[in-house]
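This briefing introduces a structure to a reader who has not met it before. It takes up the surroundings of the ligand and then turns to the chain as a whole.

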Amino acid sequence: MSVMGNQTEKEELGRATWKFLHTMMARYPETPTESERKSLKDFMMLFSTLYPCGECATHFNKLITTYPPQTSSRVAASQWLCAMHNNVNERLKKPLFDCNGIEARYPCGCEDEKIE
Ligand code: FAD
């Protein structure tokens, strides 16, 4: 493998991961408890240290340390992640995404399930 690693695999991992993260935010409670808020913040901070692409993890950890996860509601969390993804898009010279109504764009197929 080259020093740069395998770009195709890195991109596939990125797409799958973004899909998971955006879908998780679209399913996050509209009015979370303190415990749910802590879980989301802890999850994102741990995620940013454990993401398998080291270069990505280093940048993302710095980014979300500067702009901490917004956990007060589904809209706040979804908009925050959309903005973080756009920050990565900008760094990678990719087009920016329109974050309006993003929550409706990431269905989980589990909309009928009650959130306990
Ligand atoms: P992706 O950026 O993977 O996006 C997938 C789809 O999500 C897009 O097609 C679009 O439909 C939608 N989308 C795009 N922007 C948004 C948004 N703002 N909000 C919601 N949906 C959106 N790669 C590197 O080479 N270097 C890095 O440092 C790096 N850091 C990363 C950090 C993280 C946390 C993650 C998850 C991935 C990182 N990647 C990095 C991978 C990179 O972001 C892309 O996933 C990869 O290059 C594939 O890009 P793509 O053009 O297919 O679209």
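Of the elements that contribute to the shell around the ligand, α1 gives the most, with seven residues. The model is a predicted one, and the shell as a whole counts 21 residues that surround the ligand.

**Around the ligand**

- The residues that come closest to the ligand, among the 21 that surround it, are E11, G14, C56, H85 and F97.
- Three helices each supply at least two residues of the shell around the ligand, namely α1, which covers 7-27, α3, which covers 54-66, and α4, which covers 74-91.
- Sorted by class, the shell around the ligand is made up of nine nonpolar residues, seven polar residues and five charged residues.

**Elements of the chain**

- The protein chain has four helices and zero strands, and read from the N terminus on, its elements follow the order α-α-α-α.

**Overall dimensions**

- For 116 residues, a compact globule would have a radius of gyration near 13 Å, and the protein chain has 15 Å, which agrees with that expectation.
- The C-alpha trace of the protein chain spans about 45 × 25 × 25 Å when taken along its principal axes.

**Burial and contacts**

- Of the 116 residues in the protein chain, 13% are buried.
- Among contacts in the protein chain with a separation of 6 or more, 54% are between residues that lie 24 or more positions apart.

Conventions:
Residues are numbered from 1 along each chain as its sequence is written. This is a predicted model: local features need pLDDT of at least 70, side-chain atom pairs count only at pLDDT 80 or more; totals for chains, interfaces and linings use all residues. A residue is near a molecule or strand if its C-beta atom, placed from the backbone, lies within 6 Å of it. Ala, Val, Leu, Ile, Met, Phe, Trp, Tyr, Cys and Pro count as nonpolar, Asp, Glu, Lys and Arg as charged, and the others, Gly among them, as polar. The radius of gyration is taken over C-alpha atoms; the globule rule is 2.2 Å times the number of residues to the power 0.38. A residue is buried if 20 or more other C-beta atoms lie within 10 Å of its own, exposed if 12 or fewer, and partly exposed in between; C-beta atoms are placed from the backbone. Two residues are in contact if their C-beta atoms, placed from the backbone, lie within 7 Å.
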